Every structure is written in C-alpha cells, then in structure tokens.
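Good morning, colleagues. Please take a moment with the sequence and the structure before I begin.

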Amino acid sequence: MRTAVLLFTVVLIAVLSECEMVKFGQLCSGNSSNRRRTGDRWGQGHYGARRGNREHQGLDIVCNDGATVYAPFDVKLNGKVIVYTDPKKAAINDGINLSGEGLCFKLFYVKPDKYSGVMCDKSDPTKFF
C-alpha cells in the first residue's frame, strides 16, 4: 500500500480558548501518532506554509491510500466540503465539516458515508496535535 501525500488536510475552525486542552485521537488507520506531512514536491504540510500566492490554512496528516479515517473524538457531521473548483481534481474533491468538543474543523480528501449541516471559519490546528 503506498502512502498518500495529501489524503486529507485538517483545518480547525473557530477555536475557543476553553477548548485548548482538547487533543485529537488517531485520525487514520496505520498512523497512530497522527504523523504530519513535512515537505515534498507539493510543498510543506504545516499550517501557514506558502502555496504559491496563498497561505496553507490546514495541517496535513499522512495516511495510506484507502486507510480508514476515524473521528478524532465525538463529532457531529456538519456538511460537505468542496475542496477545489477545478474539475480536473474531481477525484480528490471530497471533504466534510465536523464539530465537537467546542471545535469546528474540516477533513479534506475524505469521502464520508453521509453529510449534513453548515460551514465555519479557519484557524491554526497545530496545537491540537
């Protein structure tokens, strides 16, 4: 099984100060420590990394292709995320908004069984890993 460079990106949103003790559990099978993607031909995977003319507003976690993606804690499904507007990227255009433990965040490059709900704003997820 090969490693997916960008299987999903975690983007935490509306982080509340009383939730700073929240820690994400294992996000995918085969990566119990939530190993982060560092640098590769697509750039850096840390929050704030330069992506051409924009800033990366997520934190990339490494998962194998086809890995099971887990909820990091009890969460609510809050709707579908369209990652790209480019039709050439349709194969990796699925994501989902989640909330729980006072946090709202998005998982990109994940195709869930179902969606429902609303969208949220972005903030740096690094301190939760």
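A residue is called buried here if its relative accessible area is under 20%. By that cut-off, Arg51 is buried, because its relative accessible area is 16%. I should say at once that this is a predicted model.

Let me stay with Arg51, which is located in strand 2. What does its side chain meet? A polar atom of that side chain lies 2.6 Å from the backbone oxygen of Gln44. The side chain of Arg51 also makes a polar contact of 3.3 Å with the side chain of Asp60. If residues up to four places away in sequence are left aside, the residues that Arg51 touches are Arg37, Trp42, Gln44, Gly45, His56 and Asp60. Gln44 and Asp60 thus appear in this list of touching residues, and each has a polar contact with Arg51 as described, through the backbone oxygen of Gln44 and through the side chain of Asp60.

I turn now to the aromatic residues. How many aromatic pairs does the structure hold? There are five. A pair of this kind is described by two quantities, the distance of the ring centres and the angle of the planes. For Phe24 and Phe73, the centres are 5.2 Å apart and the planes stand at 85 degrees, so this pair is edge-to-face; the cut-off for that class is an angle over 60 degrees.

Where in the chain do these two rings come from? Phe24 belongs to the loop between strand 1 (3-13) and strand 2 (50-51), and Phe73 to the loop between strand 4 (59-64) and strand 5 (76-82). The two are 49 residues apart, and the pair therefore links distant parts of the chain. Both partners fall under the burial cut-off: Phe24 has a relative accessibility of 9%, and Phe73 has a relative accessible area of 13%. Ring pairs also bring in Phe105, which forms a cluster with Phe24 and Phe73.

One further ring deserves mention. Lys89 lies over the face of Tyr84, at 4.3 Å from the ring centre.

Finally, the protein as a whole. It contains seven strands and zero helices, and its pattern along the sequence reads β-β-β-β-β-β-β. Of its 129 residues, 40% are buried. Among contacts with a separation of 6 or more, 64% involve residues 24 or more positions apart. The accessible surface comes to about 7400 Å², and carbon and sulfur atoms account for 50% of that surface.

Methods. Residues numbered from 1 in each chain as written. Predicted model: local features only at pLDDT ≥ 70, side-chain atom pairs only at ≥ 80, totals over all residues. Heavy atoms only, no water. Phe/Tyr/Trp six-rings, centres within 6.5 Å; stacked < 30°, edge-to-face > 60°. Helix = DSSP H or I, 4+ residues; strand = E, 2+ residues; numbered from the N terminus. Buried < 20%, exposed > 50% of the residue type's maximum accessible area, 1.4 Å probe, protein only. Lys NZ or Arg CZ within 6 Å of the ring centre and 35° of its normal. Polar contact = N/O pair within 3.5 Å; in protein donor to acceptor, adjacent residues only side chain to side chain. Contact = heavy atoms within 4.5 Å. Areas by Shrake-Rupley, 256 points an atom, 1.4 Å probe, with all protein chains shown as cover.
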